[in-house]
Amino acid sequence: MELKQTGGQDFIDILEHIFETEGSEEYLGEAVSMADHMIQTAMTAEKNGASDALIAASLLHDIGHFAHVSAENTDWHRKHDKAVAEFLDGHFGPEVIEPAHLHVQAKRYLCAIEPDYFGKLSPPSVHTLEKQGGPMHADEVKDFEGNPHHAEACQLRRWEEESKALGIETRRFSDYRPLLERLRIDRP
Ligand SMILES: [Fe+2]
């Protein structure tokens, strides 16, 4: 799928299509599908009183995984965080995009500053951590702490670690449409 070619289709419809099709398939060896994982992360955010923008960021944080267009692209573990920013650009503001964009960096950050954080990662997430550069070095930690979206990115990251459970009742993407409609900046 070429994500940038939206062909005049409504962007929220495109998101819903991803959740209902490719998104409901397997998620890199995790027990849950990517769509269920993203919806569970949004539900965890909501339960913790997150802002609408952070709930939306939680819902969409892994949508960049669907940017891998071809099988030759073996590098996409590292790129899905960049892909989410590119994909959502022009449709949502930075308060939605940036926590999602930074969620991989937040994992590298939390593993660097909290000795027990590594133990909270699922096995596939441990595997991708290595490909993503491992825990941050001291200079990267400092830079990351200077990012204005740093706190929200870490919050999203903590919620996503606990949002990979099987067999819990999740909502549908369509339940979040009103929230996304309120936040979008590309209103037709
Ligand atoms: Fe995730």
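What percentage of the 188 residues in the protein chain do buried residues make up? Buried residues make up 37% of them, where a residue counts as buried if 20 or more other C-beta atoms, placed from the backbone, lie within 10 Å of its own.

Before going further, I should say that this is a predicted model, in which local features need pLDDT of at least 70 and side-chain atom pairs count only at pLDDT 80 or more, while totals for chains, interfaces and linings use all residues. Residues are numbered from 1 along each chain as its sequence is written.

The secondary structure comes to 10 helices and 0 strands, helices being DSSP runs of H or I with at least four residues and strands being runs of E with at least two, numbered from the N terminus. Among contacts in the chain with a separation of 6 or more, 70% are between residues 24 or more positions apart, and two residues are in contact if their C-beta atoms, placed from the backbone, lie within 7 Å.

Let me now turn to helix H3, residues 52-60, and its partners. Two packed helices are described by the angle between their axes and the distance between the axes; here the axes are lines fitted to C-alpha atoms over the stretch in contact, and angles run from 0 to 180 degrees between N-to-C directions.

Helix H2, residues 34-47, packs with H3 at about 160 degrees, with the axes 7 Å apart. That makes H2 roughly antiparallel to H3, a term for angles over 145 degrees. On the H2 side the contact includes Met-38, Ile-39 and Ala-42, and on the H3 side Leu-54, Ile-55 and Leu-59 are among the residues met. By class, this contact has 8 nonpolar, 2 polar and 1 charged residues, with Ala, Val, Leu, Ile, Met, Phe, Trp, Tyr, Cys and Pro counted as nonpolar, Asp, Glu, Lys and Arg as charged, and the others, Gly among them, as polar.

With helix H5, residues 94-101, the angle is about 45 degrees and the axes are 8 Å apart. That makes H3 oblique to H5, oblique being what remains once angles under 35, over 145 and from 65 to 115 degrees are set aside. Ala-53, Leu-54, Ala-56, Ala-57 and Leu-60 of H3 meet Glu-95, Val-96, Pro-99 and Ala-100 of H5, and these residues divide into 8 nonpolar, no polar and 1 charged.

Finally, H3 and helix H9, residues 150-161, pack at about 50 degrees with their axes 10 Å apart, and they are therefore oblique to each other. Leu-54, Ala-57 and Ser-58 of H3 make this contact with Glu-152, Gln-155, Leu-156 and Trp-159 of H9.

Notes:
Buried ≥ 20, exposed ≤ 12 C-beta atoms within 10 Å, placed from the backbone.
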